[in-house]
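Q: Please take a close look at how the helices of this chain pack against one another, and then follow the description into the strands and the buried residues around them.

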Amino acid sequence: MAQQIALLVNPAAGRGRSAVVGSRLLRELRSRGADVSVHIGRSPADTVRLARDVVAEGPDALAVVGGDGLIHGALQAVVGTDVPLGIVPAGTGNDIARAFAVPRSLPESAEAILSGRTTDADTVAAAGRHYLSVLACGFDSRVNERVNGFRFGLGRMNYLIGLAAELSSFSPLPFTVEVDGERLESKGMLVAVGNTPSYGGGMRICPEAVADDGLLEVVFVHAVPRASFLRFFPRVFDGSHTGLDEVTVLRGRTVTISAPDGAAQPVVGYADGERLGELPITCEVVPRSVRLLN
């Protein structure tokens, strides 16, 4: 009996590259005898609804072709089920695919999807959803908010424009961070809660995060002058920023972040590149709650 594979595609991801990758993967899977259905959501919310409907039918696998946002949507459907998730990276950042070293070539992707080999990974429950990579709030979430308001799309250049604009106006925020009962109160630039190491297309903000150890890595960047913050960024790409005096690293299973007073506008959290909502947000690791095909 042919394997039933549900293929979830975001044709706009990667500036249209996802549509091409999805089409080629469809042919590759069918050439190997799989029974493949293709699904395309009209919006992030519609993608989650669609993924849940598909998973309820009990396919042998749900495979996603797109970026971290599409994986985030699919995750809401497969966590806690026996349906494994296959990842075919075709977005801009692809931080989740990077973390799990998923295959890059289409033949290897098809082989992974049909193999049935899985790796169990932790997810993080937060704000009524699950995420796989990093939750960020503070400076980086302000950049996301700013970029989401742009009327033009220039891919990664949008982020650089938003970053430069936010840097000119950003003031440190009054954070309270609780990690398994340990409390940190301080003004800061950002807080990141990592299940995997990177966000933003390879920025290793939580470099020691491991997706199957039952723990979250929390990186808190204290208030620093603008010039010092600029020097911080290059070190994020190799993860050496955690050795700086103005960075505190904590680890635990449950993390609550709030910004109780003094913030001029609401502080929001983004995870897997998706907007979760305003603080306070509690993140709780859910050990080995998703099966990833590899």
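**Helix packing and its surroundings**

A: In this predicted model, the axes of helix H2 (residues 44-56) and helix H3 (residues 68-78) approach to within 8 Å and cross at roughly 40°. Because angles from 35 degrees up to 65 degrees fall outside the parallel and perpendicular classes, that crossing makes H2 oblique to H3. The crossing in which H2 passes H3 is right-handed. On the H2 side, the contact is made by Thr47, Val48, Ala51, Arg52 and Val55. H3 contributes Leu70, Gly73, Ala74, Gln76, Ala77 and Val78 to that contact.

Asp53 also has its place in helix H2. With a relative accessible area of 38%, Asp53 is partly exposed, since that class lies between the 20% limit for buried and the 50% limit for exposed. Asp53 and Ala77 stand 24 residues apart in sequence, and their C-alpha atoms are 8.3 Å apart in space. Ala77 is one of the H3 residues that make the contact with H2.

A further helix pair can be described in the same terms. Helix H1 (residues 17-31) packs with helix H5 (residues 106-115) at an angle of about 60°, and their axes are 10 Å apart. H1 and H5 are therefore oblique to each other, and their crossing is right-handed. From H1, the residues making the contact are Val21, Arg24, Leu25, Glu28 and Leu29. From H5, they are Leu106, Pro107, Ser109, Ala110, Ile113 and Leu114.

The description now turns to the strands. Strand E5 (residues 118-126) is joined by 8 bridges to strand E15 (residues 281-293), and the two run antiparallel. Within this pairing, Thr118 has Leu293 of E15 as its bridge partner. E5 is also joined to strand E6 (residues 129-131), by 3 bridges and in antiparallel orientation. Here Ala125 stands opposite His130 of E6. E5 and E6 form a hairpin with 2 residues between them, and Ala127 in the turn has a positive phi of about 55°.

Another hairpin is formed by E13 and E14, again with 2 residues between the strands. In its turn, Asp272 has a positive phi of about 55°. Strand E13 (residues 268-271) and strand E14 (residues 274-278) run antiparallel and are joined by 4 bridges. Gly269 has Gly277 of E14 as its bridge partner.

The nonpolar interior comes next. The largest nonpolar core has 51 residues, of which Leu135, Phe175, Val177, Phe229, Ile257 and Cys283 touch the most other members. Strand E9 (residues 182-194) supplies the largest share of this core, 6 residues. A second, separate core has 27 residues, including Ile71, Ala77, Val78 and Val102. Of these, Ala77 and Val78 are also among the H3 residues in contact with H2. Returning to the largest core, and setting aside residues up to four places away in sequence, Leu135 touches Val191, Ala192, Val193, Ile257, Tyr270, Ala271, Leu276, Ile281 and Cys283.

Strand E9 also contains Gly188. Gly188 counts as buried because its relative accessibility is 0%. Not counting residues up to four places away in sequence, Gly188 touches Phe170, Pro172, Leu173, Phe175, Phe220, Val221, His222 and Ala223. Among these, Phe175 is one of the core members that touch the most others. Gly188 and Pro103, by contrast, are 85 residues apart in sequence and 38 Å apart in space, C-alpha to C-alpha.

Two residues in the loop between E9 and E10 complete the picture. Asn195 has its place in that loop, and it counts as buried at 0% relative accessibility. Leaving aside neighbours within four places in sequence, Asn195 is in contact with Asp122, Thr123, Val124, Leu132, Ser133, Ala209, Val210, Ala211, Leu215 and Leu216. Thr196 lies in the loop between E9 and strand E10 (216-222) as well. Thr196, at 2% relative accessibility, is also counted as buried. With neighbours within four places in sequence again left aside, Thr196 is in contact with Ala99, Phe100, Leu132, Ser133, Val134, Cys206, Ala209 and Ala211. Leu132, Ser133, Ala209 and Ala211 are thus contacted by Asn195 and by Thr196.

Note on methods. Residues numbered from 1 in each chain as written. Predicted model: local features only at pLDDT ≥ 70, side-chain atom pairs only at ≥ 80, totals over all residues. Heavy atoms only, no water. Pairing = 2+ DSSP bridges. Core = buried A, V, L, I, M, F, W, Y, C linked by side-chain atoms within 4.5 Å. Buried < 20%, exposed > 50% of the residue type's maximum accessible area, 1.4 Å probe, protein only. Contact = heavy atoms within 4.5 Å. Axes fitted to C-alpha atoms, helices over the stretch in contact; angles between N-to-C directions. Parallel < 35°, antiparallel > 145°, perpendicular 65-115°, else oblique. Left-handed = near helix turned anticlockwise from the far one by under 90°.
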